[in-house]
Amino acid sequence: MDYKITVGIEVHCELKTKEKIFSPSLSCYGSMANTNINVIDLGYPGTLPLLNKEVLEYAIRACKVLNLNITHDMHFDRKNYFYADNPKNFQITQNETPIGRDGYVEIDVDGVKKKIEILEMHIEEDTSKSVHGEKSSLLDFNRAGVPLIEIVTKPCINSSVEAVKYLEKLRELLLYANVSDCKIEEGSMRCEPNVSISKTEKFGTKVEVKNIGSISNVGEAIEYEVARQKEILEKGEVLKEQTRRFDDKTKTTILMRVKETGNDYRYFPEPDIPFVHLTDEFIEKSLHDLPRMPDDRRNDYEKAGILPINIEKIIANKALSDYLERFLDINLVIASNLLLGDISAYLNKNNISISDTKLTDDKFRDLVNKLDKKEISNKIFKDILNDIMETDKNINTILDDKGLNLINDDSLIDTLIDKVLSDNSDIVNQYKSGNERSAKALMGLLMKEGKGKINPSSANQKLMEKLNS
Amino acid sequence: MLSKEEVMHVAHLARIEIDEEELEKYQRDLKILFDEIDKIKDLDDFDEDRMFSPCENAFDLDRRNVEVDKDNLLLNVPKKKGNFIEVPVMINE
């Protein structure tokens, strides 16, 4: 019998509120060290924490998208410990009344759906960031007091693939709910799996892995841990409960510390923060501007006929998907092809985003509709792309100015077809004697004659009618 | 009386060193203190929901008035390196 793998994952995510959770210092990444700080963040004696309402709103949104039951009456607790990253000697967190309980995230592994159950989600403050040197450690308190949510799964993940899928889905949900940036490389999302293996119903000895720098590395860390634990058990040795860290270079885990008798954090209710009662009204208000979640968007894209590979490209680029949300009433296939193709090429080339261009919503809508109705060809679109992006002119004006309006005039098209047919009677004869490819050659000549300005589908239809008459 | 191990554990949590004489004193003193705390459990129908705070939902409080005088903030820091606060190396991480 093979070993059963059991994984539970703790994820910390920084909420992207403007200010910190208990102080009005700015909560942002990348500032000069120790500039976004004040007496509360530094734990000065006599200071009192002031709860940031925005944190509650963001956490409520996270609860909603993770299907968690919201705790209406909750409070904060003190987790006591001595460590230089937190001079108050306690972290304000939620131990007894986490804001969310019993939720799930649904994943899809090779077509099989599975609910990854979430035990709880609580709110807490981040500690200062430490950089360790040989002789000293350096502390930056910009991070101290940044609001975090910690999301804890039940031990219900049974492979590295499931773990990676769960984290990708979790990241996507929190990102789309505008709750967190979820940038693992900047530390705004931190994943800590605990891994055990067992041949019986009883769980094996748990090993926690910290310091993992990417979602795919979580998968690799779990794979490595499973192999390492198997080897130890096969040798007849006993596993120890440990905390290990992932080493990106060697793709292995390295021992950090052996847990002794378990931590004694002496949790007790935080006396400096009044208890919180979340009313239905407050919850409703917090959820008021919750954007549509990625799975709903995927459904719409699929219904519109966008290719699956393009659907995932759009979902992976939230800004792009948010942009498309404003145009759900027009041809989404054309709209997404433009955005993924020529428009994004234009933006990348110039290193700008749509908001930096002159492409207004009206203009984009008009453009897509014109392409949809075949009023302009792809060739013409490419010719006027720069004008669309760089001038205030609307599409019609651009077309008029350049003399590029597509010819939809039937009599004009008829005249052009007649000219092409009489000028190329040899090709017409080839067609009549059974060479069907000659029709394509004639169509090419027709488009050339019309200088790319005639509506290709109606022209083709007319050409075929004349050839076959 | 608390056991010596219990007193030593409490001392460790508080990061204080105590000598043999103090150890015996705390074995007695802490017992008195813990007994007082235990009395709470003897209350009729005691449950944690009874815990209350004098006010609720104080998250609308004005957070603007907090001191943000950055020049004075780090005056108490014993050692700095650039903008960072320098502390003895932390090995437990």
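**Exercise 1.** In this predicted model, determine what share of the contacts in chain A with a separation of 6 or more comes from residues 24 or more positions apart.

*Solution.* Take the contacts in chain A whose separation is 6 or more; residues 24 or more positions apart account for 68% of them. Next, consider burial: 35% of the 469 residues of chain A count as buried, where a buried residue has 20 or more other C-beta atoms within 10 Å of its own. The secondary structure of chain A comprises 15 helices and 16 strands.

**Exercise 2.** Compare the radius of gyration of chain A with the value for a compact globule of 469 residues.

*Solution.* Begin with the reference value, which is near 23 Å for a compact globule of 469 residues. Chain A, by contrast, has 30 Å. Then examine the extents along the principal axes: the C-alpha atoms of chain A fill a box of roughly 95 × 55 × 50 Å.

**Exercise 3.** Trace the strand pairings that involve S2(B), identifying which strand of chain A joins it and which strand of chain B does.

*Solution.* Start between the chains. Strand S9 of chain A, residues 136–140, runs antiparallel to strand S2 of chain B, residues 84–88, and four bridges join them. Within this pairing, Leu139(A) is placed opposite Ile85(B).

Continue within chain B. Strand S1, residues 80–81, is also joined to S2(B), by two bridges and in antiparallel orientation. Here Lys81(B) has Phe84(B) as its bridge partner.

Finally, inspect the connection. Two residues lie between S1(B) and S2(B), which form a hairpin. In its turn, Gly82(B) has a positive phi of about 60 degrees.

Key. Residues are numbered from 1 along each chain as its sequence is written. Chains are lettered from A and ligands numbered from 1 in the order in which they are written. This is a predicted model: local features need pLDDT of at least 70, side-chain atom pairs count only at pLDDT 80 or more; totals for chains, interfaces and linings use all residues. Two strands pair if DSSP finds at least two bridges between them. The radius of gyration is taken over C-alpha atoms; the globule rule is 2.2 Å times the number of residues to the power 0.38. A residue is buried if 20 or more other C-beta atoms lie within 10 Å of its own, exposed if 12 or fewer, and partly exposed in between; C-beta atoms are placed from the backbone. Two residues are in contact if their C-beta atoms, placed from the backbone, lie within 7 Å.
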